[in-house]
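Thanks for coming, everyone. Have a look at the slide, and I'll talk you through a few parts of it.

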Amino acid sequence: MQKGLIVHTLISNDLGEVLIIQRSKQNNVLPEYWDIPGGTLEDGEDPAVGAIRETKEETGLNVSNVRLFFQKSNVDISKNKQFVTLVFHTNTSKSRVTLNSDEHEKYAWIQPSEMNRYKIVEYLSDCLNTYRELKTKRIN
């Protein structure tokens with residue numbers, strides 16, 4: 001079975017909102033679904049560096065100080081491939097996003113509790129719930 005490593009960045013702002021981006025209608029994987037910036041790791045690339053690169057490519061945001069906080073694994077039997085998704089977190093004070101229009105159509109800064117209003121990719125619900133739990137622990 002082949003393996004695929006995918007990296008994402010969950011970006012939060014000072015209001016506790018997180019950035020989500022909507023895939024374009026032309027995307028061949030889950031068109032019009034909402035996700036967070038990310039993509040496939042390049043050969044030999046450090047996962048944190050890949051998450052930073054993907055964030056810049058998809059949103060125009062220069063992020064740093066990313067920390068791994070969530071992972072998910074799934075098997076796509078039709079492709080005979082196991083995918084491992086690593087999600088890094090960082091905070092930004094920037095709110096303006098410049099989307100790569102070939103890949104994404106819209107963006108939104110949302111409270112994690114608002115995720116049910118959006119058609120999100122499968123792993124993102126668990127990811128945002130983990131983020132909310134961690135945020136709550138830091139406050140208490």
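**A walk around the pocket and the strands**

Let's begin with the pocket lining: β1 (2-12), β4 (38-40), α1 (47-59), β5, β6 (81-91) and α2 each give at least two residues to the lining of the largest pocket. Before I go further, please keep in mind that this is a predicted model.

So which element gives the largest share of that lining? That's β1, with 4 residues. The whole lining comes to 28 residues. If you want to find the middle of the pocket on the slide, look for Ile-6, His-8, Arg-23, Val-29 and Asp-35, which lie nearest its centre. The volume is about 810 Å³. And what sort of residues line the pocket, by class? We have 8 nonpolar, 9 polar and 11 charged ones.

Okay, on to β1 itself. It's mostly covered, with 8 of its 11 residues buried. β1 has two partners I'd like to show you. One is β6, which runs parallel to β1 and is joined to it by 11 bridges. If you'd like a place to put your finger, Ser-12 stands opposite Asn-91 in β6. The other is β4, which pairs with β1 in the antiparallel sense over 3 bridges. There, Val-7 sits opposite Gly-39 in β4.

Now for β2, residues 18-23. How many of its residues are buried? It's 6 of 6, so this strand is described as mostly covered. β2 pairs with β7 in the antiparallel sense, over 6 bridges, and it is joined to β3, also antiparallel, by 2 bridges. On the β3 side, Ile-21 stands opposite Asp-35. On the β7 side, Arg-23 stands opposite His-104. You've heard two of those names already: Arg-23 and Asp-35 are among the residues nearest the centre of the largest pocket.

Let's stay with His-104 for a moment. It's in strand β7, and it counts as buried because its relative accessible area is 7%, below the 20% cut-off. What does His-104 touch, leaving out residues up to four places away in sequence? The list is Ile-21, Gln-22, Arg-23, Ser-24, Glu-58 and Leu-99.

Next up, aromatic rings. The count comes to 2 aromatic pairs. In the Trp-34 and Tyr-118 pair, the ring centres are 5.0 Å apart and the planes sit at 75°, so we call it edge-to-face. This pair links distant parts of the chain: Trp-34 is in strand β3 (residues 34-35), while Tyr-118 is in the loop between β7 (104-110) and α2 (122-139), 84 residues apart. Are the two partners buried or partly exposed? Trp-34 counts as buried, at 9% relative accessibility, and Tyr-118 counts as partly exposed, at 26%.

Then there's Phe-69 with Phe-70. Their ring centres are 6.3 Å apart and the planes are at 45°, so that pair is tilted. Phe-70 is buried, with a relative accessible area of 10%.

A little earlier in the chain we find Arg-67, in strand β5 (residues 67-76). Is Arg-67 buried or partly exposed? It's partly exposed, with a relative accessible area of 46%. Apart from residues up to four places away in sequence, Arg-67 touches Val-87, Phe-88 and His-89. And here's a distance for you: the C-alpha atoms of Arg-67 and Leu-134 are 13 Å apart, with their positions 67 residues apart along the chain.

Last stop, two loop residues with something to look at in the backbone. Glu-32 has a phi near 70°, a positive value in a residue other than glycine. Where is Glu-32? It's in the loop between β2 and β3, and it's partly exposed, with a relative accessible area of 34%. Asn-80 isn't a glycine either, and its phi is positive too, about 50°. Asn-80 belongs to the loop between β5 and β6. It's partly exposed as well, with a relative accessible area of 44%.

That's my tour, so over to you for comments.

How values were computed: Residues numbered from 1 in each chain as written. Predicted model: local features only at pLDDT ≥ 70, side-chain atom pairs only at ≥ 80, totals over all residues. Heavy atoms only, no water. Phe/Tyr/Trp six-rings, centres within 6.5 Å; stacked < 30°, edge-to-face > 60°. Buried < 20%, exposed > 50% of the residue type's maximum accessible area, 1.4 Å probe, protein only. Contact = heavy atoms within 4.5 Å. 1 Å grid on protein atoms, 1.4 Å probe; cavity = no way out; pocket = protein on both sides within 12 Å on 5 of 7 lines; lining within 4 Å. Points joined across faces, edges and corners; volume = space filled by probe spheres on them. Nonpolar A, V, L, I, M, F, W, Y, C, P; charged D, E, K, R; others polar. Pairing = 2+ DSSP bridges.
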